Amino acid sequence: MHTTLLFIHSILRWVIVLAGIWAVLRAWKGVSNKTPFTASDNKAGLFYMIFLDVQLLVGLVLYFATSVLTKAALSDMGAAMKTPELRFWSVEHLTMAIIAIVLAHVGRSKVKKAGTDAQKHKKGLVFYGLSFLVVVLLVVMVIGKGRGWLPSLS
Ligand code: HEM
């Protein structure tokens, strides 16, 4: 169960990165070329947010049910804070992911509420852009922690 979930979680990071690039590029194109806000622009932000939400769900199961790392951390948070590996998975990884997810949700709501097409593109660029930066940093940090670019099949 843990291996399967970690595999899905690991692959989903790249789906999120691709969806993020798509959402940010569409918003950027909309701002710079002053194009109308189309159904494709709407879908780009929606898919980025949905993939982040699915990652959150898988992450929550890893975090509270299957990961021995977070189990160890949650059993003694005081000690975990002094252990870089445990602190990373129990606090830093989670906090960064939540920030990215919240920014994507706020962005989607701001895009929906914006009065003009230009404002929709601008809100998308700012919020999806910030969220995407956090995602990139998170992915780089996970790889820096010695996890592979792709899930291990062993
Ligand atoms: C932007 C969203 C996220 C991304 C891109 C992401 C990415 C990753 C990656 C790449 C790994 C390493 C996978 C591997 O070893 O192959 C990982 C591990 C992990 N993630 Fe996430 N994650 C995200 C959100 C979350 C959230 C929201 C939670 C918790 C609620 C979470 C909990 C975990 C845990 C507990 C592990 C380590 C499991 C273990 O090795 O025991 N992740 N994540």
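Helices α5 and α6 are roughly antiparallel to each other. Their axes cross at roughly 170 degrees and come within 8 Å. An angle over 145 degrees counts as roughly antiparallel, so the pair earns that label. This is a predicted model.

Look at the residues that make this contact. On the α5 side they include His-93, Met-96, Ala-97, Ile-99, Ala-100, Leu-103 and Ala-104. Val-106, Gly-107, Lys-110 and Val-111 of α5 take part too. From α6 come Lys-120, Lys-123, Gly-124, Phe-127, Tyr-128 and Leu-130, along with Ser-131, Val-134, Val-135, Leu-137 and Leu-138. Sorted by class, the contact of α5 with α6 holds 15 nonpolar, four polar and three charged residues.

Now step back to the whole chain. The protein chain has six helices and zero strands. Read from the N terminus, its elements run α-α-α-α-α-α. Its C-alpha atoms fill a box of roughly 50 × 35 × 25 Å along the principal axes. The chain has 154 residues, and 26% of them count as buried. Consider the contacts between residues at least 6 apart in sequence. Of these, 72% join residues at least 24 apart.

Next comes the ligand. There are 26 residues around the ligand, and Ser-10, Arg-13, Gly-59, Ser-67 and Ala-97 come nearest. Five elements each give two or more residues to this shell: α1 (2–33), α2 (39–66), α3 (68–75), α5 (84–113) and α6 (117–144). Ala-97, one of the nearest residues to the ligand, is also one of the α5 residues in the contact with α6. By class, the shell splits into 17 nonpolar, seven polar and two charged residues.

Which element gives the most to the shell around the ligand? It is α2, with seven residues. That makes α2 a good helix to follow next. Start with its length. The 28 residues of α2 should span 40 Å at 1.5 Å a residue, and its end C-alpha atoms lie 39 Å apart, so the two values agree.

Then turn to the buried residues of α2. They are Asp-41, Ala-44, Gly-45, Tyr-48, Met-49, Leu-52, Gln-55, Gly-59 and Tyr-63. Which helices do they pack against? The partners are α1, α3, α5 and α6. Gly-59 links two parts of this picture: it is buried in α2, and it is among the residues that come nearest to the ligand.

Leu-46 also sits in helix α2. Leu-46 has 16 other C-beta atoms within 10 Å, so it is partly exposed. Being buried would take 20 or more. Trp-22 is 24 residues away from Leu-46 in sequence, yet their C-alpha atoms are 11 Å apart in space.

The loop between α1 and α2 holds Lys-34. Is Lys-34 buried or exposed? It is exposed, because 10 other C-beta atoms lie within 10 Å, and 12 or fewer is the cut-off. The backbone of Lys-34 also deserves a look. Its phi is near 50 degrees, a positive value in a residue other than glycine.

End in helix α1, with Ile-11. Ile-11 has 12 C-beta neighbours inside 10 Å, so this residue counts as exposed. Trp-149 stands 138 residues from Ile-11 in sequence, but the two are 9.2 Å apart in space, C-alpha to C-alpha.

Note on methods:
Residues are numbered from 1 along each chain as its sequence is written. This is a predicted model: local features need pLDDT of at least 70, side-chain atom pairs count only at pLDDT 80 or more; totals for chains, interfaces and linings use all residues. A residue is near a molecule or strand if its C-beta atom, placed from the backbone, lies within 6 Å of it. Helices (H or I, at least four residues) and strands (E, at least two) are DSSP runs, numbered from the N terminus. Ala, Val, Leu, Ile, Met, Phe, Trp, Tyr, Cys and Pro count as nonpolar, Asp, Glu, Lys and Arg as charged, and the others, Gly among them, as polar. Two residues are in contact if their C-beta atoms, placed from the backbone, lie within 7 Å. Axes are lines fitted to C-alpha atoms, for helices over the stretch in contact, and angles run from 0 to 180 degrees between N-to-C directions. Angles under 35 degrees count as roughly parallel, over 145 as roughly antiparallel, 65 to 115 as roughly perpendicular and the rest as oblique. The expected span of a helix is 1.5 Å times one less than its number of residues.
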